[in-house]
Amino acid sequence: TGDPVAVKVILPRLANDAAALDLFRREARVRVQMRHEAIVRYHNFVLDQGLNRYCLIMEFVDGRHLGKRLSEDGPLRETEVIALLRRIGAGLHRAHASGVTHRDLSPDNVILRDDRIDEAVLIDFGIARSTELGDGLAGRFAGKFRYISPEQLGHFDGQIGPPTDVYGLALLMVAA
């Protein structure tokens, strides 16, 4: 179509790893369940014949990652934090309504479309947990240690669900 897209390609060293491929395929299946302005749009999951590797085709979001914005410009103003909380919270609400827990909330997984807080978009559902599909991790740790909830470390019987993202969202707001 000529439209710009983001292409997430499985790493060459993982191209023949069945577990990695399963996570990649699972991300595509999870992504198709959700449509919301605060969640990056998913287009397709394909095998690139030239690379002989699988790719996720998603909306291209032009803007900085929240992490880069924070490191370059410093903390957000109170009004910006509230706007970010509402925006990402609404996206998470949609994900949770679809049975999906992101579980990897961090400043690097939020892109500010056109560098606008009120246009923040949640990305990277690579380790998301779906009530329908599970998480594909078989009890292995995944995520960013600074932004994980206690249940991701085995506390509270390791029950991953929407409260996991609420905790992660609170840590994200503290960082902002």
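Here are three short exercises, with worked solutions, on a predicted model.

**Exercise 1.** Find how strands β2 and β3 are joined, and which residue of their hairpin takes a positive phi.

*Solution.* Start with the two strands: β2 covers residues 42–48 and β3 covers residues 53–59. They run antiparallel, and six bridges join them. Next, go to the end of β2, where Asp48 stands opposite Arg53 in β3. Now look at the turn: four residues lie between the strands of this hairpin, and Asn52 has a positive phi near 55°.

**Exercise 2.** Describe the second largest pocket: what is its volume, and which residues are closest to its centre?

*Solution.* Take the volume to begin with, which is about 210 Å³. Then turn to the lining, made up of 13 residues, with Ala6, Met58, Ile111, Ile123 and Asp124 closest to the centre. Sort the lining by character, and you get seven nonpolar residues, five charged and one polar. Finally, trace the lining back to the strands: β1 (5–9) and β3 each supply at least two of its residues.

**Exercise 3.** Work out which elements build the largest nonpolar core, and what Leu66 touches.

*Solution.* The core has 23 residues, and Leu66, Leu84, Ile88, Val110 and Phe125 have the most contacts inside it. At least two residues each come from α2 (66–73), α3 (78–97), β6 (110–113), β7 (120–122) and α4 (162–175). Helix α3 gives the largest share, four residues. Now zoom in on Leu66: beyond its neighbours within four places in sequence, its contacts are Leu76, Leu84, Pro107, Val110, Leu112 and Leu172. To finish, note that another core of 14 residues lies apart from this one, including Phe24, Tyr42, Val61 and Ile123.

Methods: Residues numbered from 1 in each chain as written. Predicted model: local features only at pLDDT ≥ 70, side-chain atom pairs only at ≥ 80, totals over all residues. Heavy atoms only, no water. Pairing = 2+ DSSP bridges. 1 Å grid on protein atoms, 1.4 Å probe; cavity = no way out; pocket = protein on both sides within 12 Å on 5 of 7 lines; lining within 4 Å. Points joined across faces, edges and corners; volume = space filled by probe spheres on them. Nonpolar A, V, L, I, M, F, W, Y, C, P; charged D, E, K, R; others polar. Core = buried A, V, L, I, M, F, W, Y, C linked by side-chain atoms within 4.5 Å. Buried < 20%, exposed > 50% of the residue type's maximum accessible area, 1.4 Å probe, protein only. Contact = heavy atoms within 4.5 Å.
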